[in-house]
Amino acid sequence: MKQNLSMLLILATAFTATAQNKKNVRTVTKTVQTYAVGNKKVTVYTTAEKSDYRLSRTETLNFVENKQPFETEPTIFVDPMIKYQTLVGIGGALTDASAETFAKLSKKNQQELLSAYYNKDKGIGYTLARTNIASCDFSSGSYTYVQDNDKDLKTFSVAHDEQFKIPLIKQATAAAGGKLTLYVSPWSPPAWMKDNNSLIKGGHLLPQYRQSWANHYVKFIKTYEAMGMPIWGLSVQNEPMAKQIWESCVYTAEEERDFIKNFLGPTLHKSGLASKKLIAWDHNRDQIFQRASTILNDKEAAKYVWGIGFHWYETWTGSGMQFGNVRQTHEAYPDKALIFTEGCKEKYDVKKLDDWTLGERYGYSMINDFNAGTAAWTDWNILLDENGGPNHVGNFCFAPVHADVKNDKLIYTNAYYYMGHFSKFIRPGAKRIGTASSRDLLQSTAFLNTDGKLVVVVMNQSDEKLKYSLWIKGQAATTTSLPHSIATLVVE
């Protein structure tokens, strides 16, 4: 009798387990089938060299059945069920230079620029912004917020920013619908806090002023927020391994780690700013892994760090863009975010405003940075004048939009449109999804927005016209990629 009872219990348990397994299988299957192409259509937006296409709606595609493409069929494969990082936002920096140039425009052109950048319907819908704490190279001159030797910061004031920068930040926020994800970065502590007693040419933060400098971040954030500008995050130091002829300060990896661990992190938490996103590194891709591993392998430092920021200027050494370093950092520390914090084309030349490689550099970087795990992407100055400034050390650069302030004219480079192919269509909260191209001439990335719209960006840097198909779950929509073009394909 006991044997029979035991057998019944075993059978009952097995039946329950089988039923539960079937339930789990059904759940997984249901999850896998949550995206169906069905009767969806594809709207294509194109920007192409030697054409009038500038974020232009060029065609509408229909899907047809194609269970398995052959190798002879160039294809962009997309799998919406493979999900990666969540997008924080895409945008550009609101620097002193941008703000001063903006102030010289007519009201009409000011409104045009704000709409062009921040309106998601009429413009390219920027949602992210960065600004400088005190002066940087893209300021008309050097300045600080405190008087010399005021370690208690009693003289702290952002009055300098009230003339140009703060009005631009507020207008940009309004143009973005009242919300703009803003983070802040210092280029240098005040000269008296440094061992070289100078804002420029590197130098190190003196040990006796580490706490005072940590308090300075808090002062800045709370002051800006009291003036109606919410701060989402901050980086520790702009380009901490660069000894520049402009505002700069050097931190080794160990110095940055210890400053975060012992001063900045605890100070933010004690001051009620624990929710602010703290970004380490904020320099080039070449050393991103070494910096991340030094800081994030220390649990006491890592607990304060939201993510690792990086720039694209590793190319000044003769290197190519090192996306592999970004990917390795993401794989090693998947719980930390990656954010592209700055990039621009240097060595401004007014004769090259129409150079098509300006935009292609943006497209190339954005596709590969996103595919390497990057969650946010920030351009440098949103606006510069006809000379690539103002810049108080002659470090003139390109921006997506320039203003000929003498003639009150806005000049849109193709970099503006290339960035728009991402920022206009891929919105905050979107998940990057699986995508792979069967041709190296076609580079792609893909995201699924929270509203269900699927967005695929395809770039062609070659001289060839390439016919290809967008393939999703056995359905394909065929189109042609023009030479030196970028296209956004919106599936809905």
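Is Asn371 buried or exposed in this structure? In this predicted model, Asn371 has a relative accessible area of 19% and is therefore buried, since the cut-off for that class is under 20%.

## Asn371 and its surroundings

Asn371 belongs to helix 10, which covers residues 357-371. When residues up to four places away in sequence are set aside, Asn371 touches Arg327, Arg432, Ser444 and Thr445.

## Helix 10 against helix 11

Two packed helices are described by the angle between their axes and the distance between the axes. For helix 10 and helix 11, the packing angle is about 25° and the axes are 7 Å apart. Because angles under 35 degrees count as roughly parallel, helix 10 is classed as roughly parallel to helix 11. The crossing of these two helices is right-handed.

On the side of helix 10, the contact is made by Leu358, Gly359, Glu360, Tyr362, Gly363, Met366, Ile367 and Phe370, and on the side of helix 11 by Asn414, Ala415, Tyr418, Met419 and Phe422. Sorted by class, the residues of this contact comprise nine nonpolar, three polar and one charged.

## Asn414 at the helix 10 contact

Asn414, one of the helix 11 residues in that contact, is found in the helix that spans residues 414-423. Its relative accessibility is 6%, so Asn414 counts as buried. Apart from residues up to four places away in sequence, Asn414 touches Asp355, Trp356, Leu358 and Gly359. A polar atom of the Asn414 side chain lies 3.4 Å from the backbone nitrogen of Gly359, and Gly359 is itself among the helix 10 residues that make the contact with helix 11.

## Helix 6 against helix 7

A second helix pair is formed by helix 6 (residues 253-270) and helix 7 (residues 288-296), which pack at an angle of about 40° with their axes 9 Å apart. Helix 6 and helix 7 are therefore oblique to each other, and their crossing is right-handed.

Helix 6 contributes Ala253, Glu254, Glu256, Arg257 and Ile260 to the contact, while helix 7 contributes Gln290, Arg291, Thr294 and Ile295. In terms of residue class, three nonpolar, two polar and four charged residues make up the contact of helix 6 with helix 7.

## Strand 9: Ala280 and Trp281

Which residues does Ala280 contact, leaving aside its neighbours within four places in sequence? They are Val236, Glu256, Ile260, Ile295, Val305, Gly307, Ile308 and Gly309. Of these, Glu256 and Ile260 also take part in the helix pairing from the side of helix 6, and Ile295 takes part from the side of helix 7. Ala280 itself is placed in strand 9, residues 277-284, and with a relative accessibility of 0% it counts as buried. Its C-alpha atom is separated by 9.8 Å from that of Ala302, a residue 22 positions away along the chain.

Trp281 is also in strand 9 and, at 1% relative accessibility, counts as buried. The backbone of Trp281 has a positive phi of about 70°, although the residue is not a glycine.

## Loop residues with notable backbone angles

Lys50, in the loop between strand 1 (41-48) and strand 2 (56-62), has a phi near 55°, which is a positive value in a residue other than glycine. Lys50 counts as exposed, with a relative accessibility of 82%.

Where does Pro390 lie? Pro390 is placed in the loop between strand 13 (383-385) and strand 14 (401-404). The peptide bond leading from Gly389 to Pro390 is cis, and its omega is near 5°.

## Tyr468 in strand 19

Tyr468 is found in strand 19, which runs over residues 466-472, and is buried, with a relative accessible area of 3%. Not counting residues up to four places away in sequence, Tyr468 touches Pro74, Ile76, Leu442, Val458, Ala477, Thr478, Thr479, Thr480, Ser481 and Leu489.

The C-alpha atoms of Tyr468 and Gly363 are separated by 19 Å, with the two residues 105 positions apart along the chain. Gly363 is one of the helix 10 residues in the contact with helix 11.

Technical notes: Residues are numbered from 1 along each chain as its sequence is written. This is a predicted model: local features need pLDDT of at least 70, side-chain atom pairs count only at pLDDT 80 or more; totals for chains, interfaces and linings use all residues. Side-chain values use heavy atoms; hydrogens and water are left out. Axes are lines fitted to C-alpha atoms, for helices over the stretch in contact, and angles run from 0 to 180 degrees between N-to-C directions. Helices (H or I, at least four residues) and strands (E, at least two) are DSSP runs, numbered from the N terminus. Angles under 35 degrees count as roughly parallel, over 145 as roughly antiparallel, 65 to 115 as roughly perpendicular and the rest as oblique. A crossing is left-handed if the near helix is turned anticlockwise from the far one by less than a right angle, and right-handed if clockwise. Contact means heavy atoms within 4.5 Å. Ala, Val, Leu, Ile, Met, Phe, Trp, Tyr, Cys and Pro count as nonpolar, Asp, Glu, Lys and Arg as charged, and the others, Gly among them, as polar. Buried means under 20% relative accessible area, exposed over 50%, partly exposed in between (1.4 Å probe, protein chains only). A polar contact is a pair of N or O atoms within 3.5 Å; within protein, one must be able to donate a hydrogen and the other to accept it, and residues adjacent in sequence count only if both atoms are side-chain atoms.
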